[in-house]
Amino acid sequence: MVSAGELLLLVGLVLAVAATGGFSQTNHLVTAPQTTQFLEIGSNFKATCMIINTTEVTADDLYWKLSETTVSKELYTKLNESAISVTIPVTSGQSEWLFCRAKKGKSPYVFLNTGKFMYGVLLKKGYPPGKPENVSCVAVQEKTTISSTFRCDWATVGRQTSDVRTKYTLNVVVIHIRNYSVSTEGTHAQVEFVDTYPHFMTLEIWVEAHNMLGKIESERITQDANSFVKTNPPSDIKVISEKYFPTSPLMNWTQPIDKSYGKLKYEIRFCTIGSPNWTYVPKGDIATDIQSFRLQSLQPYTEYITQVRCQLGHWSDWSGTTMKTAEDRPTSKPDVWRTIAEVDGKNERRVQFISKDPVFANGRIITFDIKIQEQKNDNLQWDTILVNGSESSDGQRVITILKDMLLADLRPVRLCVTANNSVGTSPMASLFISAKGHEDPPVKGLKVWSAEGKLWLQWTPPNGPDLSEYVVEWVSGDQTDWQRENKNTRRTAIK
């Protein structure tokens with residue numbers, strides 16, 4: 001049974017062929033549609049083949065081929081004695097020819113005129129365009145003004161094939177003034193504003209994706225033109241570290257663009273040199289339209305990278321400089337220790353008192369003040385030990401020999417030490433040396449092994465009174481070093 005729609009299609013096709021006269025002399029088969037078809041992958045495609053100007057064949061003699069494969073007769077529909085249709089699923093993304101052909105063995109005429117008994121339509125396959133997403137636009141600063149070049153980027157959605165390529169049209173409208181559009185096959189494009197950038201005017205922006213299977217628009221963006229501006233970063237960054245404000249240096253900069261374009265917001269961050277972790281100044285603490293800011297809570301006598309960026313629409317890149325904060329008084333104790341060696345034939349020990357700079361030296365330690373006193377004598381004068389050499393360049397704390405002396409076996413003493421830089425004096429550290437034979441008991445079951453590129457230690461606490469801490473001491477070559485561990489520690493690695 002032929003539907004009314006299919007009958008009208010066949011009548012129209014016959015009239016078209018008769019009007020052109022093109023097929024009456026050359027072809028006895030013609031298809032509808034006749035021209036190249038762009039098809040959506042996943043859909044079905046229907047074509048009709050009709051016999052014209054011959055009685056050599058009927059619809060029963062026709063068959064369909066898709067590329068080199070004969071289409072199954074289950075997909076055919078006989079419309080009448082001179083017309084047959086086929087419905088095929090559109091699967092792969094490769095271009096293919098769909099041919100309607102007549103069987104060669106029907107008659108000598110058909111065999112000798114094979115070319116007149118075949119007709120094909122080229123099938124090009126693809127997908128409708130997807131809706132462009134994440135449209136973002138920017139106009140950058142050139143010298144002292146904003147460039148008239150306006151660039152937009154977007155993300156594509158959906159798949160494409162080589163036969164059905166999606167193109168994009170960027171549309172930028174300066175409301176009530178002018179429309180701009182430019183097409184591309186990529187994911188970005190730019191328009192050139194006439195004369196100058198349209199500051200303080202409203203822009204409407206959208207991207208249209210289109211191909212042979214349809215078109216679709218992105219969401220439209222309607223915003224003030226200044227919201228798309230990206231200025232240069234602030235310049236001439238200077239950080240002033242003042243003697244009386246060692247933790248609060250003053251940061252100055254020059255803004256990149258004239259204030260007539262709008263008030264700039266700022267963002268500031270800093271970190272110690274070599275650190276991957278930035279500290280950001282809370283945005284609520286930074287006023288708009290400023291050119292200086294006093295940083296807070298930095299460490300004294302420390303090298304920092306400080307950076308600032310600004311925003312009119314988009315954030316600018318960061319710009320910055322390196323600086324070193326001023327010295328301050330040491331805020332932690334020096335780390336004092338001792339080495340003890342027996343003296344042959346004498347009731348004495350050779351004791352060497354040594355110290356590491358305070359963890360928070362807050363400057364270069366230039367002297368240590370020491371006092372060595374017996375338990376019942378607190379009236380001794382302090383001695384000053386000059387520190388020779390410079391600061392360690394590898395981050396290690398410098399070890400200073402404070403005093404080398406002979407100490408009677410039965411003489412207990414206490415060492416008191418403070419460290420000094422150019423600003424002030426640290427809190428006092430002390431170390432008690434017991435009389436020989438009255439030392440605290442040693443730890444038990446000490447084990448040492450290497451693993452993971454480190455030297456590990458494990459021990460059992462000694463019997464006796466509660467301890468305040470442990471000291472792990474080691475010697476490398478002729479250099480003695482040590483580290484302190486919490487009284488609850490039972491295992492550690494040498495740092």
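This note takes up a sheet, an annotated domain and two cavities in a predicted model.

1. The sheet is an open one of four strands, paired antiparallel and arranged in the order S1-S3-S7-S6. Strand S1 (29-32) and strand S6 (76-80) stand at its edges, and because each has a single partner strand, one side of each is left without a neighbour in the sheet. On average, and with direction ignored, neighbouring strands of this sheet are turned by 25° against each other.

2. Within that sheet, strand S3 (residues 44-51) runs antiparallel to strand S7 (residues 83-89), and seven bridges join the two. A reader who wishes to follow the pairing in the structure can look at Met50, which stands opposite Ala83 in S7.

3. A search of the whole structure finds two cavities of 30 Å³ or more. The largest cavity holds about 40 Å³ of space, and its lining is made up of Leu39, Leu66, Ile88, Pro89, Val90, Thr91, Glu96, Leu123 and Lys125. S7 and strand S9 (118-126) each supply at least two residues of this lining, which divides into six nonpolar, one polar and two charged residues.

4. The second largest cavity, with a volume of about 30 Å³, is lined by Asp440, Pro441, Pro462, Asn463, Gly464, Pro465 and Leu467. Four residues of this lining are nonpolar, two are polar and one is charged.

5. An unreviewed UniProt entry carries the annotation "domain: Fibronectin type-III" for residues 233-328. Over residues 233-328 the model has 0% helix and 48% strand, with the end C-alpha atoms 33 Å apart.

Notes
Residues numbered from 1 in each chain as written. Predicted model: local features only at pLDDT ≥ 70, side-chain atom pairs only at ≥ 80, totals over all residues. Heavy atoms only, no water. Pairing = 2+ DSSP bridges. Axes fitted to C-alpha atoms, helices over the stretch in contact; angles between N-to-C directions. UniProt positions renumbered as here; feature names shortened; annotations may be inferred. 1 Å grid on protein atoms, 1.4 Å probe; cavity = no way out; pocket = protein on both sides within 12 Å on 5 of 7 lines; lining within 4 Å. Points joined across faces, edges and corners; volume = space filled by probe spheres on them. Nonpolar A, V, L, I, M, F, W, Y, C, P; charged D, E, K, R; others polar.
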